[in-house]
Amino acid sequence: MAWGGDDDRRLDADEGEEELDEADYKTQKDAVLFAIDVSSSMLQQPPATDKKKADKDSAIAAALKCAYQFMQQRIIAQPKDMMGILLFGTEKSKFRDEVGGRSSGYPHCYLFTDLDVPAAEDVKSLKALVEEGEDPDEVLVPAKEPASMANVLFCANQVFTTNAANFGSRRLFIITDNDAPHGKDKAAKSAAAVRAKDLYDLGVVIELFPLSYEGKAFDVSKFYDDIIYRDPATEAGSSDEVKTSKSGDGLSLLNSLISNINSKQTPKRAYFSNLHFELAPNVTISVKGYMPLHRQQPARTCYVWLGGEQAQLAQSETIKVDSATRTVDKSEVKKAYKFGGEYIHFKPEEAASLKNLGGKVLRVIGFKPRSLLPTWASVKKSIFIFPSEEQFVGSTRVFSALWQKLLDSDKVGIAWFVARENANPIMVAIIPSRAMDDETSETPYLPAGLWLYPLPFADDVRNVDLSAPPRPADELTDKMREIVQNLQLPKAMYNPLKYPNPSLQWHYKVLQAMALDEDVPDALDDATIPKYKQIDKRVGGYLAEWKEALTEKAGGLMKSRAMKREAEDEDVSRPLAKRTKPAAPKKAAGGHMSNAQLKAALEQETLKKMTVAELKDVLASKGVSAVGKKAELVEKLEQWIEENV
Amino acid sequence: MADKEATVYIVDLGESMADCHNGRDESDLDFGMRYVWDKISTTVAASRKTWTLGVVGLNTEETNNAQDSEGLEGYEHISVLQDIGPMTMTQLRELRSSIQTSHTYGGDAISGIVVALSMIELFTKKLKYNRRIILVTNGESPIDDESSEDVAKRLNDSNIELIVIGVDFDDADYGFKEEDKSRGKAKNEETLRKLVEQCNNGLFGTMQQAVEELAVPRIKPVRPFKAYDGALTLGDPEKYKSALSIHVERYFKTKRAPAPPASTVVVNSEPGGASQSETLNEDTEMGDAEFSGVKHMRTYRVNDPDAPGGKRDVEFEDLAKGYQYGRTVVPFSESDFSITKLETKKSFTILGFIPFSSYNPFLNLGETGIIVAQKHNEEAELGLSAFIHALHELESYAVARYVQKDGTQPQLVLLKPNPAIEDDFECLYDVPLPFAEDLRSYQFPPLDKVLTVTGNIIKEHRLLPSEDLKQAMSDFVDAMDLSGFNVDEDGKPTEYAPIDETYNPTIHRMNQAIRARAVDPDAPIRPPAEILLRFSNPPEKLIEKAKPEIEALIDAAEIKKVPAKAQGRGSRKEPVKPLSGLDIDSLLGESKRTTISLDNAVPEFKQILATAADDATIESAAKQMGQIVRKLIQDSFADLFYARAAENLRVMREELISLEVPGLYNKFLTGLKKSILSGELDGDRREMWLKHIVGGHLGLITQDESEVSEVTDEEAKAFAT
């Protein structure tokens, strides 16, 4: 599932009433079929040049590489979603079991990978074709006559109908460089248009990825405008326009295509629709919610049955049993709360009324300057909202006015937010994001709109009283400034796209190697590891100076503290003097013991009288590992004193 | 671990406590017990062995206390109702029955305090405890104040806090004064007030205030948890001499507090099945209860074409662990298992810096941490401080890679300086950042312009705000400013709804209800406390103040609600056209489709309905579609075609609803159910019925969904079994 792995998964056997999060649309699965044109122009190798960023791939190679990358990403990010590859215009034809040139119902269509959740073999054969150029079946041979597009579309129709019958999202990605596959043949064009309408009625969305090279423009009006439909619900000016991939501007054809396909990687799924956004009494518009940010986790382990010919996934089923291991029927189960060793139970209607703190809504209670958001006020990911005209005409313009005002005045909205009926209410700050083409945008990789930024409740704030006293800035600060100034991240911003998750990448890299029977890689190119060499080169000198200054300052502070302490000790030692036995090292301040005190304690053999907590404090303050039993701790401390004092 | 507690409640049960005063419709006792029950039930809820309490009744008929037994005078009509100890539900119930008003008034409150004091001294010995006595009385019965100084001294010596909460006691600070107070009560109030004043640790208050404050949620204190203790580095200290390393500690600053978890339970089949009482946790044993917990048992099945139903059970012991790679399962042996785990070493190291202005907080992916220098480490203290100040002065954040301990997943975090300008606390805050995989690229149209199909940019459009609307919105937002809306104690404007005043309504609503139910199982649920819903609406005063701006916004926005009817599909849709606007139907012309094929059922069905001119055509289409569904089910090898059949059903259902002929669907489905259950579609097809039709919400079309349907919600539910 694309949305698998909830943030708040808890491993409690006793399932708590988890917050409804993404469960709602987990059934919404996505199926993508690549239809790639195999023609002589697609197979043409680009002219050889010395230019670094020039194309090295033929169009077909670029398309297949994209598909390969898409497949790998899908396995990581959307492990329940399907994908397939249909080559068209091929000399050979293949549809499922029927192989051979003539018998196929879809001539010049070659179903290279049937639509399914990709298996290791699919990855393997695609990889062989892409990376090694291995084409034992000679599939990449163009037919003498072009394929009928009506046939291609109907073939796709059948693939979707049988393999992804009830998927919420089904998309056909057509990659071609031919803007007029049927020239002026009206009958063939009409037949294709009819089959395209079938796909539309079936609920399949066609995404066209036109390729253009050598300055030849791709004219969608010649053919594809009759094939492509847009959801009438999307308004004019939607960004769903067809983008032609081409090389140039320092971008190879491959990179251009990858970026166009990546933008369609995940189908746009709303997290909630038709939420009422109340700006004020009688000012209500409707919005849809999305989750463009979501922590991706490696898939969980599964259980495998090895008894058969092939390793097989064991499906688990849970049954509920009572204390006498009698199977319990669903109707018997009740929800109760543990309280003082017993269960407190509410009737279903009572439980419902307890949950109900108001219906689903996003209601503004006012606005604040952004500076009033405490920097630490963060608890979980934000949700993106965008207006929808479905329930309130005028939603978009009001939303746009609010968005612009919040940007202009650097303000945020404060709102009460209930995402769905019975969801737990939270407080959110409404924060605007700038347009992607706005040069001042902090997040040029995210769309313009409003974000619901969850605010912590008072209950979520930990009271950390570590009493680190403020210190004035001094020359150490000045020196540090040089270092900070010289180590800016590229483009002076954090761009998540530059930092793949190393754990996730490693997990799937190893898994892929094992699944494909390849050698397990021995290292990962981890972008999250700092460029140490560069740091040394750029600020090594400053760092050395700074460290020297620090040592000196710290030495000074240490001395002044020791003096202060000794003065205090003298004060304290008078009343203590009444005691007859030798004073154990001063209690309340384990970590505060001066070296002199420690030495005295060592000589008088009173270290043993310290408590474990005190010992640990002292050891930690000296940077010695404070792990072990008391005797070991004493020994460690003795050793430290002998070596250092 | 929280400190140990020993609390004794002294509750006045005198005759006068049964009366109602000052316009209340509950007795003084019930009023006072609202406070006491709340406190006691909080202790019960905590289920801690070390949180102990006892209860002493004042003005009881009987006399039962150690002092009286020893023959001391002045301890009559004081009874120990419960000795100090941990509190359970059973004891709570017993206590409930003994909290009844008596017909006496001879007990002395100060003697009651002595009884409580002795109980605490005896119980806690010299151990470390938070000791507390809470006295609840209406102060009507006479008090002998002779020994009050000695009592105060003893309380102080034993380090006991004394809290006196009086029903209708005067409290100038809170602003309560009882008119027509009896002289005796006034004297007693004075005596108790003096006693409290002599205590090092005392509190004297009126019940009104105490009850009012019960609604203010109490936040469960959590001890700071040290998540990291080690070096924060810049550069690699192992390879480069220049590298910098500061010893820091990291704690949580925010952590989402969970709502009380519900358990799944069943009603005990045999009453008194207490022999199998289940241990809840180390501290508490389940009592003899009405409910018992439910356990989960897992069974595992694999596909097996030879087995009946195509599946068979396998033993857990025969299974290996593995991961899924696409649809391929990759088994791992126990020794190989960790190979997919990235090897990491505990570390916290800086990648680089970014300006404040290039970061937007909505990227924050989770809870905040707090970073301070290691204690008593001068180098770390000074170093971190300089680092914090440098970041602050340069308005920069640091991006760092954080590995909490060896083997955990690396995270990228943003380090934010807090140079102790608004508070006295110098530290770094950190928030988790997203990785590349955590971003989904969704496309949205721009909000400040409209792009036409031909690529032109339009700046004036119905989807874009007019200048009037922009101005109205700007005025509205400024009028609704919360930053100075509140007024503090000194009358200065302060921020409205700061975080420390927003309580999680879910948690506290639940906790309050659970406590109330525990104390009185028969009482109805009270509505949520007002304070919990305080921020669910804008403050009325603000709305009042911003009225002109709101009116202006309404005028400029011209929002129109779409009528409910039009939101649906209506009876006839506009024909859908491709980008070119080509009319596909006219293309088909003569060869208009009238029959539905199995292969292309959904499009053909939709197309016939879209152009159907009469009911007969619709009926015929529905009939053909029905036959296809039946055929798919009948021909399905195991569940192979079920999804497809279900999809066809779904389309059929949806289309027939929008054409307002639900009867056609309902009639077909009734017949289909019969066929499936009777086995006439080639064998056992119940899975189709239960999983795909019932589970897929493809049941009968009800009146809620289509006005012309004759099926009620109940009938549809009964049908879907």
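**Entry 1: the sheet shared by chains A and B**

I looked up the open sheet first, in what is a predicted model. Three strands make up this sheet, and I read their order as 13(A)-11(B)-12(B). The pairing is antiparallel. I then checked the edges. Strand 13 (315-321) of chain A and strand 12 (311-314) of chain B each have a single partner strand, so one side of each is left without a neighbour in the sheet. From one strand to the next, the twist averages 40°.

Next I went to the pairing between the chains. Seven bridges join strand 13 of chain A to strand 11 (residues 295-303) of chain B, in the antiparallel sense. I picked out one position: T318(A) has R298(B) as its bridge partner in strand 11 of chain B.

**Entry 2: strand 6 of chain A**

I moved on to strand 6 (residues 169-176) of chain A. Is this strand mostly covered or mostly open? I found it mostly covered, with six of its eight residues buried.

I looked up its partners. Strand 1 (residues 30-37) of chain A pairs with strand 6 of chain A in the parallel sense, over seven bridges. Here V32(A) is opposite R171(A). Strand 7 (residues 204-212) of chain A also pairs with strand 6 of chain A in the parallel sense, over seven bridges. In that pairing I noted T176(A) opposite P210(A).

Last, I traced the connection. The chain leaves strand 6 of chain A, passes through helix 5 (residues 186-202) of chain A and reaches strand 7 of chain A. I logged this β-α-β crossover as right-handed.

Notes: Residues are numbered from 1 along each chain as its sequence is written. Chains are lettered from A and ligands numbered from 1 in the order in which they are written. This is a predicted model: local features need pLDDT of at least 70, side-chain atom pairs count only at pLDDT 80 or more; totals for chains, interfaces and linings use all residues. Two strands pair if DSSP finds at least two bridges between them. Helices (H or I, at least four residues) and strands (E, at least two) are DSSP runs, numbered from the N terminus. Axes are lines fitted to C-alpha atoms, for helices over the stretch in contact, and angles run from 0 to 180 degrees between N-to-C directions. A residue is buried if 20 or more other C-beta atoms lie within 10 Å of its own, exposed if 12 or fewer, and partly exposed in between; C-beta atoms are placed from the backbone. A crossover is right-handed if, with the strands pointing away from the viewer, the path from the first strand over the helix to the second runs clockwise.
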